[in-house]
Each structure stands twice: as structure tokens, then as C-alpha cells.
Amino acid sequence: MDAAEPFLNVESQTAFASAGRSLQRKCSVAMEAMGMSHGVKNEGSTARDHLANERTFLAWLRTAIALVGFGVGFIKLLPGDFSTVMFGLLMILIGMLILSFATSRYYHVLHLLQRGQFSIDTGGVLVVITGTGILMLVAMCYAVRQALIIKE
């Protein structure tokens, strides 16, 4: 095969694109049949609002996964005294709570958007600030404890 020759010729590229569109249509029909997806009329900012809701949920999901991963890593990589395990478990618990909150918030906003409404989330901000504050306080206590152990 000549180095200048393209890997796929135009006919092959067209066949792959056609197969891809066919698979995409089949997946879309299957998801609608299982109740996992449904079409809505895109009037005004409907699509933009729903996509923003999904992006927000995915950001919360990434945060939850990071916290759980950090908690597991903390337990596995640091010496296994009681406070280390408890801090790691706290991180995992907060990650699970954030995922629960994110899921409920996603569906709440989804239902409101379907009715053409939107609610401003003030309680969620308070929950996140409180959870973060507790996590920071526990981390500070752990760091001070470790510093005192090292000093002795």
C-alpha cells in the first residue's frame, strides 16, 4: 500500500457513514421503545435548557466519582489507622450523597422544564456548602493530628 494512498477510499467512507446513520436510527428507536428517551418539540430554548441540565448532572457525577475515588485511594494508600479509614469513608459517603442529590435535582429540573417552568435552587447550594465545610473541618483536624504525631 502506498503511503500517500488513503486508508479508506470514498466508497468505503460513504458505506461506513451510511451504516453509522442506520445504527444511530436503530439505537434511537430502541431507546424510545424502552422508555429511555422521547422526542420533544424544540421551541425557543428547549434543547439548550435540557442539554444544560444534562451537563450540570454530568459535572455533579464527575465530582461524586472524584470524591469516591479519593476516599478509596485515601484508605488504600495511607497507613490503615482508624482516622484514615474514617476520613476515606466520609469522602465516599459525601460522594454518594452528592450523586443522590444530583440525580434528584436532574429529574426535578427535567420535569419543570417539560412544564415550561424552572425553580431556583437555593437549598442545594446550602447542602453543598455545608458538606464541603464539614469535609474541610475533618481534613483540618486530620492534618493537625498527623502534625502532632510527627512532632512527638
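Tutor: Before we start, one definition will help: a salt bridge is a side-chain nitrogen of Lys or Arg within 4 Å of a carboxyl oxygen of Asp or Glu. Please also keep in mind that this is a predicted model.

Student: Okay, so how many salt bridges does the structure hold?

Tutor: The structure holds 1 salt bridge, and it is formed by arginine 145 with aspartate 81, whose closest N and O atoms are 3.2 Å apart. The pair links distant parts of the chain, since arginine 145 sits in helix H4 while aspartate 81 sits in the loop between H2 and H3, 64 residues apart.

Student: Why can side chains like that pair?

Tutor: Side chains of opposite charge can pair when their charged atoms come close.

Student: And what about exposure, how do arginine 145 and aspartate 81 count?

Tutor: Arginine 145 is partly exposed, because its relative accessible area is 36%, and aspartate 81 also counts as partly exposed, at 27% relative accessibility.

Student: Let's zoom out. What is the secondary structure of the protein?

Tutor: The secondary structure comes to 4 helices and 0 strands, and read along the sequence the pattern is α-α-α-α. Of the 152 residues of the protein, 16% count as buried.

Student: How do H3 and H4 run, roughly parallel or roughly antiparallel to each other?

Tutor: The axes of helix H3, residues 82-114, and helix H4, residues 123-151, come within 11 Å and cross at roughly 170°. Angles over 145 degrees count as roughly antiparallel, and therefore H3 and H4 are roughly antiparallel to each other.

Student: Which residues make that contact?

Tutor: On the H3 side they include Phe87, Leu90 and Phe101, and on the H4 side they include Leu135, Tyr142 and Arg145. That last residue, arginine 145, is the one that forms the salt bridge with aspartate 81.

Student: There's another arginine, arginine 105. Is that one buried or exposed?

Tutor: Arginine 105, which lies in helix H3, counts as buried because its relative accessibility is 16%, and the cut-off for buried is under 20%. Leaving aside neighbours within four places in sequence, arginine 105 is in contact with Phe118, Ser119 and Asp121.

Student: Switching to the surface, which residues form a nonpolar patch there?

Tutor: Met31, Met34 and Met36 form a nonpolar patch, with about 330 Å² of accessible area together. Methionine 34 lies in the loop between helix H1 (10-33) and helix H2 (46-77), and methionine 34 counts as exposed because its relative accessibility is 58%.

Student: What area does the protein expose?

Tutor: The protein exposes about 11400 Å², and carbon and sulfur atoms supply 69% of it.

Methods
Residues numbered from 1 in each chain as written. Predicted model: local features only at pLDDT ≥ 70, side-chain atom pairs only at ≥ 80, totals over all residues. Heavy atoms only, no water. Patch = residues over 30% accessible without salt bridge, like charges linked within 9 Å, V, L, I, M, F, W, Y side chains within 5 Å. Areas by Shrake-Rupley, 256 points an atom, 1.4 Å probe, with all protein chains shown as cover. Helix = DSSP H or I, 4+ residues; strand = E, 2+ residues; numbered from the N terminus. Buried < 20%, exposed > 50% of the residue type's maximum accessible area, 1.4 Å probe, protein only. Axes fitted to C-alpha atoms, helices over the stretch in contact; angles between N-to-C directions. Parallel < 35°, antiparallel > 145°, perpendicular 65-115°, else oblique. Contact = heavy atoms within 4.5 Å.
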